[in-house]
Structure formats: structure tokens, C-alpha cells
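The report below takes up strand pairing, cysteines, salt bridges and helix packing in turn. Please read it with the structure in view.

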Amino acid sequence: MQSYVNLVTYDKQTIKISRNIAMKCEFIKQMIEDYEESEIPEINLLNPNCKSGMINKIMDMLERSDNEEVVNTMDIDDVKMAAKVCDYLDIKDLLDVFCNRIATLLKSCKSHIDIKEKFKVKKDFTEEDKKKIEEFFKVMN
């Protein structure tokens, strides 16, 4: 008999996943190790990045063996979000795949302007921030 874990996402959706898949997430594994196999623990994911759509995508990826193909088809916002979720749930293998994708995207950029456009960086430093950074580096040198 297969046992399950219920994940309650940040947007209050309940996702039922197999205990085998749950055990691939160190965060969840630590939370359920005291439960009996016959019990169905409920884990609340309090991180705002852990919305149902992303959690479903991550759990589906945990069932697959080759995720690079999937990651390469995701847009940059989803890749960044998925990396944050994998970091929160402590899924090292998937986090590596997402970080590799981000690194590949960074390498393809020719300038800081390219990076800002590709990664949708909206804010630059304020003049006050720039002065603080300059002062910090003057002190460090």
C-alpha cells in the first residue's frame, strides 16, 4: 500500500504526493520522519514562492529522470521561482539543474544591460545606495 503526504501550498491548495516523492525533499523528509507509514501528514508550505502551480511542476519533475529538457523550455521567471522553491524545500538535484540553467542564461549575456533585460531587473541602486557602496569599498581598500 502506497502512503502519501499532503502539501498545503501558500495559496491554500492541498496537493497529495507519494511519500517516495516527498522523501526526495529534505525539508519534507525531516518533517515526516516521525509519522507512521499509515499516517498521512499535512505539511504547510509557508514560503510565498510555494504556490500550487509551481509545487505541482516541481513534484512532477521529481518523478522524472531527465529534467534538463523541461527546464530549458521554462521561461526565466519560472526558472528563478523554481530555484527558490527547490532551495526552500532542499531539493539539491533539481536546484542544481535550475542553477545551471540560470548560469547558462547569464553566460549568454554580453553586458550588464543584457542581464538586466533578460532577468527583468527593474531597480537600479539609488544614489544613496551607490554612495554607501563606494564608501564601503573605500574603507575596504
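A residue is called buried when its relative accessible area is under 20%, exposed when that area is over 50%, and partly exposed in between. By that scale Lysine 57, with a relative accessible area of 29%, is partly exposed. The model discussed here is predicted.

## The sheet

Three strands make up an open sheet, arranged in the order E2-E1-E3 and with mixed pairing. E2 and E3 are the edge strands, each of them pairing on one side only. Averaged over neighbouring strands and with direction ignored, the turn of one strand against the next is 30 degrees. Strands of a sheet pair through backbone hydrogen bonds, in either a parallel or an antiparallel sense.

Both senses can be followed from E1. Towards strand E2 (residues 14-18), E1 runs antiparallel and is joined by five bridges, whereas towards strand E3 (residues 42-44) the pairing is parallel and extends over three bridges. Valine 8 can be traced in both directions, since it stands opposite threonine 14 in E2 and has asparagine 44 as its bridge partner in E3.Valine 5, in turn, stands opposite isoleucine 17 in E2.

The hairpin of E1 and E2 has five residues between the strands, and within this hairpin lysine 12 takes a positive phi near 65 degrees. How enclosed is strand E1 (residues 4-8) by the rest of the structure? Four of the five residues of this strand are buried, so E1 is largely enclosed. Helix H3 (residues 52-63) packs on the sheet, where it touches E1 and E2, and the direction of H3 makes about 10 degrees with that of E2.

## Cysteines

A disulfide is a covalent bond between the sulfur atoms of two cysteines. The structure holds zero disulfides. Cysteine 50 is in no disulfide, and the nearest cysteine sulfur, which belongs to cysteine 86, lies 9.4 Å away. Cysteine 50 is also buried, with a relative accessible area of 0%.

Why does cysteine 109 not form a bond with cysteine 99? The sulfur of cysteine 109 is 16 Å from that of cysteine 99, the closest cysteine sulfur, and this is too far for a bond, given that a disulfide is counted when the two sulfur atoms are within 2.5 Å. Cysteine 109 is buried as well, with a relative accessible area of 13%.

## Salt bridges

The structure holds eight salt bridges, and the table sets out three pairs with the distance between the nitrogen and oxygen atoms.

| Pair | N to O distance |
|---|---|
| Lysine 29 and glutamate 26 | 3.8 Å |
| Aspartate 78 and lysine 57 | 3.6 Å |
| Aspartate 77 and lysine 80 | 3.9 Å |

Lysine 29 and glutamate 26 are three residues apart in helix H2 (residues 26-32), and so are separated by about one helical turn. An α-helix has 3.6 residues a turn, so residues three or four places apart point the same way. Lysine 29 is partly exposed, with a relative accessible area of 29%, and glutamate 26 is partly exposed too, at 28%.

Aspartate 77 and lysine 80 are likewise placed three residues apart, about one turn of the helix, and both lie in helix H5. Aspartate 77 is partly exposed, with a relative accessible area of 33%, and lysine 80 is partly exposed at 25%. Asp77 and Lys80 also belong, together with Lys120, to a network of salt bridges.

The side chains of aspartate 78 and lysine 57 meet in a salt bridge. This pair links distant parts of the chain, with aspartate 78 in helix H5 (residues 76-89) and lysine 57 in helix H3, 21 residues apart. Aspartate 78 is partly exposed, with a relative accessible area of 26%, while its partner lysine 57 is partly exposed at 29%.

## Helix H5

With 14 residues, H5 reaches 20 Å from its first C-alpha to its last, which is close to the 20 Å expected at 1.5 Å a residue. Which residues of H5 are buried? They are Ile76, Val79, Ala82, Ala83, Val85, Cys86 and Leu89. The buried residues of H5 pack against H2, H3, helix H4 (68-73), helix H6 (92-107) and helix H7 (112-118).

Taken together, H5 brings several of these threads into one element: its buried residues include Cys86, its residues aspartate 77 and lysine 80 lie about one turn apart, and its aspartate 78 is paired with lysine 57 of helix H3, the helix that packs on the sheet.

Notes: Residues numbered from 1 in each chain as written. Predicted model: local features only at pLDDT ≥ 70, side-chain atom pairs only at ≥ 80, totals over all residues. Heavy atoms only, no water. Buried < 20%, exposed > 50% of the residue type's maximum accessible area, 1.4 Å probe, protein only. Helix = DSSP H or I, 4+ residues; strand = E, 2+ residues; numbered from the N terminus. Pairing = 2+ DSSP bridges. Axes fitted to C-alpha atoms, helices over the stretch in contact; angles between N-to-C directions. Contact = heavy atoms within 4.5 Å. Salt bridge = Lys/Arg side-chain N within 4 Å of Asp/Glu carboxyl O. Expected span 1.5 Å × (residues − 1).
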